Amino acid sequence: GEAPASTCYGTTSNGRLENGVKLPAKGNNFQAYSLILHGAGRTYVHSEVHKVVTSAYTVLDQTHPDKIFVYGETGWATGGRFKPHKTHQNGLSVDFMVPVVDENGTSVPLSTSPFNQYGYGIEFDAEGQFEALAIDFEAMAAHIKSLHVEAQKRGIDIWRVIFDPVLQPFLYRTEAGPYLKTHVQIPKKKFRGRHDEHYHVDFKIKCQPL
């Protein structure tokens with residue numbers, strides 16, 4: 001049978017989680033940023049977030065079959081402090097590594113290893129370039145739109161998406177750009193830490209007080 005539904009408590013920056021669910025290590029068109037860290041329990045989310053994230057990948061497998069996606073850190077099974085992140089405490093935060101294309105325009109997984117802090121150490125320039133890789137803004141916008149559509153289907157929402165303000169204009173110039181402008185809050189302010197190699201998504205679900 002299905003695992004019991006999760007309950008979140010408090011906020012993303014001061015909270016905990018009951019019955020957290022682990023995201024799958026990989027699927028047809030996606031993979032975790034690190035099998036080791038996935039194994040270490042750093043990819044648990046609220047059960048509703050799990051359904052949204054996995055169903056968005058299923059949709060993208062149909063609509064953008066040539067695109068490959070990598071997700072990053074989410075949180076512990078029981079939530080709580082999740083270093084080095086300030087948030088990710090109640091199962092509603094997910095880091096997604098930016099989808100990238102190589103010099104031939106082919107979608108490839110962002111290389112994540114201990115040598116680049118599992119992807120978090122990669123720095124893209126103001127044009128979204130890093131060595132021979134370029135951020136695939138079309139794939140990224142389609143993914144965020146898909147997350148929002150799937151969340152709405154389940155009666156929940158996206159609270160915000162944190163992504164580098166310098167790179168945001170490229171996101172809005174995509175096919176799904178106008179949808180994002182209307183439906184998804186992507187604050188223009190600069191947040192602590194870098195957000196060019198990943199976008200941080202906070203889902204909006206009613207949580208119990210801590």
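Select strand β7 (residues 93-97) together with strand β13: the two run antiparallel and are joined by five bridges. Strands and helices here are DSSP runs, numbered from the N terminus, with at least two residues (E) for a strand and at least four (H or I) for a helix. Two strands are said to pair if DSSP finds at least two bridges between them. The model is predicted, so local features need pLDDT of at least 70 and side-chain atom pairs count only at pLDDT 80 or more, whereas totals for chains, interfaces and linings use all residues. Residues are numbered from 1 along each chain as its sequence is written, and side-chain values use heavy atoms, with hydrogens and water left out.

**The sheet around β13**

Within the β7 pairing, select Val-94; its bridge partner in β13 is Val-201. Next, add strand β12 (residues 157-162), which pairs with β13 in the antiparallel sense over five bridges. Here Asp-157 has Lys-204 of β13 as its bridge partner. Strands of a sheet pair through backbone hydrogen bonds, either parallel or antiparallel.

Colour β13 (residues 198-204) by accessibility: six of its seven residues are buried, so the strand is largely enclosed by the rest of the structure. Buried means under 20% relative accessible area, exposed means over 50%, and partly exposed lies in between (1.4 Å probe, protein chains only).

Now widen the selection to the whole open sheet, whose five strands follow the order β4-β6-β7-β13-β12 with mixed pairing. Its edge strands are β4 (30-32) and β12, each of which pairs on one side only. From one strand to the next, the twist averages 30°.

**The helices**

Show helix α3 over the sheet: α3 lies across β6, β7, β12 and β13, and runs at about 155° to β12. Axes are lines fitted to C-alpha atoms, for helices over the stretch in contact, and angles run from 0 to 180 degrees between N-to-C directions. Contact means heavy atoms within 4.5 Å.

Then add helix α2 (residues 47-63), which packs with α3 (residues 137-153) at an angle of about 125°, their axes 9 Å apart. That makes α2 oblique to α3; angles under 35 degrees count as roughly parallel, over 145 as roughly antiparallel, 65 to 115 as roughly perpendicular and the rest as oblique. For the side chains of this contact, select residues including Val-52, Tyr-57 and Leu-60 in α2, and His-143, Leu-147 and Glu-150 in α3. The residues of the contact comprise nine nonpolar, three polar and one charged. Ala, Val, Leu, Ile, Met, Phe, Trp, Tyr, Cys and Pro count as nonpolar, Asp, Glu, Lys and Arg as charged, and the others, Gly among them, as polar.

**Backbone stops in the loops**

Most residues other than glycine have a negative phi, and most peptide bonds are trans. Go to Pro-84, in the loop between β6 (69-71) and β7; the peptide bond leading to Pro-84 from Lys-83 is cis, with omega near 5°. Move on to Tyr-118, in the loop between β9 (107-108) and β10 (129-130). Tyr-118 has a positive phi of about 55°, although it is not a glycine. Glu-131, in the loop between β10 and β11 (133-135), has a positive phi of about 50°. At 71% relative accessibility, Glu-131 counts as exposed.

**Last stop: Val-101**

Finally, select Val-101 in strand β8 (residues 100-101). Val-101 counts as buried, at 13% relative accessibility. Beyond its neighbours within four places in sequence, Val-101 is in contact with residues including Lys-67, Val-108 and Leu-133.
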